Amino acid sequence: MVENTHMTLNLSLARKLFNASSFNLFSLPAIVRQLDPIKAISSEFRASLYTFFNHCYSSSPLHQDSYLEKAKSHHAVDPDAIFESLIDNSTHKSHLNQIHSQLLVSGSLDSLILTTKLINKSSNLGEIRYARNLFDEFCNPDVFLWDAIIRSYSRRDMFGDALEMYTNMQMAGVSPDSFTFMHVLKACSGLPALEMGWQVHAQIFRHGFQSDVLVQNALVALYAKCGQIGLSRVVFDDLCDRNVVSWTSIISGYAQNGEPMEALRIFSQMRHSSMRPDWIALVSVLRAYTDVEDLQQGKSVQGCVIKMGLEYEPDLLISLTSMYAKCGQVTLARSFFDQMEIPSVILWNAMISGYAKNGFAEEAVDLFREMISKKIRIDSITARSAILACSQVGSLELARWMDDYIMRSEYSDDVLVNTALIDMYAKCGSVDLARIVFDRTLDKDVVVWSSMIVGYGLHGRGREAIDLYYAMKQDGVCPNDVTFVGLLTACNHSGLVEEGWELFHSMRYFGIEPRHQHYACVVDLLGRAGRLDEAYDFITNMPIEPGVSVWGALLSACKIYRHLTLGEFAAKYLFTLDPYETGHYVQLSNLYASARLWNHVGKVRVLMKEKGLTKDYGYSLIEINGKLQAFRVGDKSHPRYKEISEELEKLEKRLKEGGFVPHAESVLHDLNYEETEETLCNHSERLAIAYGLISTPPGTTLRITKNLRACVNCHAATKLISKLVNREIVVRDAKRFHHFKDGFCSCGDYW
DNA sequence: CTAGGGTTAG
């Protein structure tokens with residue numbers, strides 16, 4: 001039979017080829033192509049060929065179950081189909097390379113379809129340059145090929161290149177399709193480039209895509225990413241055939257633009273329409289609830305998740321973890337975190353940042369360490385969250401460890417990570433180490449400069465903060481509102497009243513509108529100079545309603561200068577604005593105590609009781625050999641308590657000999673001073689110092705962290721101690737750092 | 001011959 005002869009011929013040819021070349025899977029399509037032009041092939045022939053394929057595939061690194069399935073059908077012997085399957089199953093650039101050369105051998109390269117597939121696969125494997133090379137081999141790419149290369153760039157976040165290819169495409173006279181617009185718009189939102197987006201929008205009209213759901217959805221996302229949520233809404237409202245993506249885009253758009261309530265409103269509209277949300281839609285909705293911090297409602301979405309059987313969707317677990325972590329429900333968040341089996345950086349980041357944000361800094365650091373020991377790849381967000389946690393722990397040793405880790409990681413040049421390190425060192429007590437990070441940071445942006453300025457301010461090194469500000473301007477970097485918060489704080493903490501006043505007024509030259517914090521700093525400045533009436537005038541002339549920070553600054557100043565009427569006035573505002581903040585009551589109580597108005601002190605205590613407020617007990621932490629030890633008065637649980645109290649007695653004796661007299665008011669009226677900062681502080685600071693003295697070699701700097709602000713007595717005592725024992729003592733209180741040395745403090749006795 | 005939307009952080 002003729003057919004049979006053909007078959008035998010072809011099979012023998014195939015065998016010959018098989019034996020001749022060191023045969024591999026990739027040459028299979030070329031062999032099959034040699035078998036052409038046999039179109040009608042008998043089932044017997046196919047069976048033989050199938051055995052052949054089977055042999056090839058089983059010895060190949062690519063497992064082709066899907067292909068073997070296809071091979072049983074008659075399409076299997078189509079070489080292009082084999083190529084297609086090979087491309088689909090490639091996992092490495094070397095595979096693509098072999099396929100490419102076989103395409104050239106078999107003369108299939110003119111098949112745009114296969115090349116498009118090859119380009120798409122290259123970009124999915126991250127081989128963007130290779131994809132571009134493939135593209136460049138074509139003289140007349142069609143729209144699909146253009147789409148493939150634009151998509152490749154866009155998906156790799158190379159938005160500029162994507163837009164450049166789009167321009168080239170237009171110059172080549174190729175008409176875009178909906179996919180072109182989709183990817184071009186994605187590139188515009190990635191940059192983001194609103195102007196370009198507008199131009200593309202016009203072209204979309206010209207090409208008649210105004211009711212194409214794909215393109216319109218991309219427009220909704222574009223305008224949302226550019227902060228033009230109103231325009232997103234217009235596009236969304238004009239869309240008659242909305243799908244689940246349209247709804248998700250507008251919901252997440254509102255959530256991203258700080259309008260979570262509107263996002264949730266649209267979600268309920270969506271539920272009233274017959275549109276069923278999928279898991280991505282639910283992720284967006286959860287994000288909106290996260291911003292609203294409405295746990296009750298968030299839980300109802302969790303119910304929705306379970307009802308739809310999506311509770312094992314990994315990304316929904318991430319969103320639920322993140323939502324609960326952000327709302328402070330870290331235990332609940334942890335239970336979702338623990339449910340997830342596949343490792344995901346985003347999930348770990350959500351948990352770490354959740355811990356850090358809610359005062360569980362140690363847990364955050366532990367989780368970060370666990371991540372490293374489990375060899376889970378971190379990203380720059382992990383690094384930043386972990387660094388943030390370290391700055392809250394406050395241990396300089398931990399800070400050093402973190403810096404060392406980052407320096408050896410791929411994030412040593414990451415500007416955002418370095419900014420976090422600067423902030424961390426400053427908050428862990430060493431502004432000089434912060435400066436080293438600052439100096440090694442390349443391409444300093446305004447945030448890097450500002451962090452360093454804020455750091456100097458925190459430590460009362462106002463001169464250096466101001467010098468750095470001039471250096472920054474010299475460097476051509478424009479200050480922002482945060483820069484000025486740092487500068488003004490620095491001036492406050494260093495007593496640079498005139499400089500601060502001038503800086504405040506220079507803000508308008510940079511077009512920066514002062515915010516509450518800036519006004520509070522000025523009030524603080526004037527207050528420090530004793531110019532209380534001026535401070536009050538300043539407040540009454542503020543263009544914005546004075547808030548807690550402003551009145552708080554005034555009250556502090558009144559306490560220092562014992563200005564009763566003005567202090568009471570400020571306190572009245574504070575109690576209205578923020579009735580449950582213990583600190584304000586303590587401040588007022590201190591004001592009364594300093595004026596020896598003991599019955600007023602008592603009244604404040606009653607006021608606190610009525611509100612159900614309890615005082616925060618003071619404690620001090622000291623870091624010894626990288627370990628933090630906590631002290632509060634009367635706490636005898638420390639294993640070295642006896643030695644500590646002996647040292648303390650010695651210290652008190654030497655203080656007395658050195659002429660230290662405790663603040664008279666607080667000693668006189670034991671019964672009434674219960675709520676003042678003196679009792680709250682409880683001199684835990686001195687316990688920590690005593691422990692530090694007996695646990696470290698002479699001359700070692702002591703680093704102490706307190707939860708409250710410095711109290712007058714402890715501050716005076718610590719100054720003297722630093723001189724008596726010849727040690728530098730660094731104390732971080734709730735607001736700032738004090739560097740005690742030779743009987744002086746860097747704060748100049750004003751805080 | 002391609003999917004498109006989302007999650008961390010600031």
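What share of the 751 residues in chain A is buried? Buried residues make up 51% of chain A, where buried means under 20% relative accessible area with a 1.4 Å probe, protein chains only. The model is predicted: local features need pLDDT of at least 70, side-chain atom pairs count only at pLDDT 80 or more, and totals for chains, interfaces and linings use all residues. Residues are numbered from 1 along each chain as its sequence is written, chains are lettered from A and ligands numbered from 1 in the order in which they are written, and side-chain values use heavy atoms, without hydrogens and water.

Chain A holds 41 helices and six strands; these are DSSP runs numbered from the N terminus, with helices (H or I) of at least four residues and strands (E) of at least two.

An unreviewed UniProt entry lists "repeat: PPR" at residues 142-176, 243-277, 344-378, 445-479 and 480-514; such annotations may be inferred rather than shown by experiment. Two of these spans are described below.

| Span | Helix | Strand | Distance between end C-alpha atoms |
|---|---|---|---|
| Residues 344-378 | 74% | 0% | 10 Å |
| Residues 480-514 | 69% | 0% | 10 Å |

Strand S5 (residues 737-741) has four of its five residues buried. S5 runs antiparallel to strand S4 (residues 729-732), with four bridges between them; strands pair if DSSP finds at least two bridges. Val730 has His739 in S5 as its bridge partner, and four residues separate S4 and S5 in a hairpin.

S5 is also joined to strand S6 (residues 744-745), antiparallel, by two bridges. Here Phe740 stands opposite Cys745. The hairpin of S5 and S6 has two residues between the strands, and Asp742 in the turn has a positive phi of about 50°.

Definitions and conventions: Buried means under 20% relative accessible area, exposed over 50%, partly exposed in between (1.4 Å probe, protein chains only).
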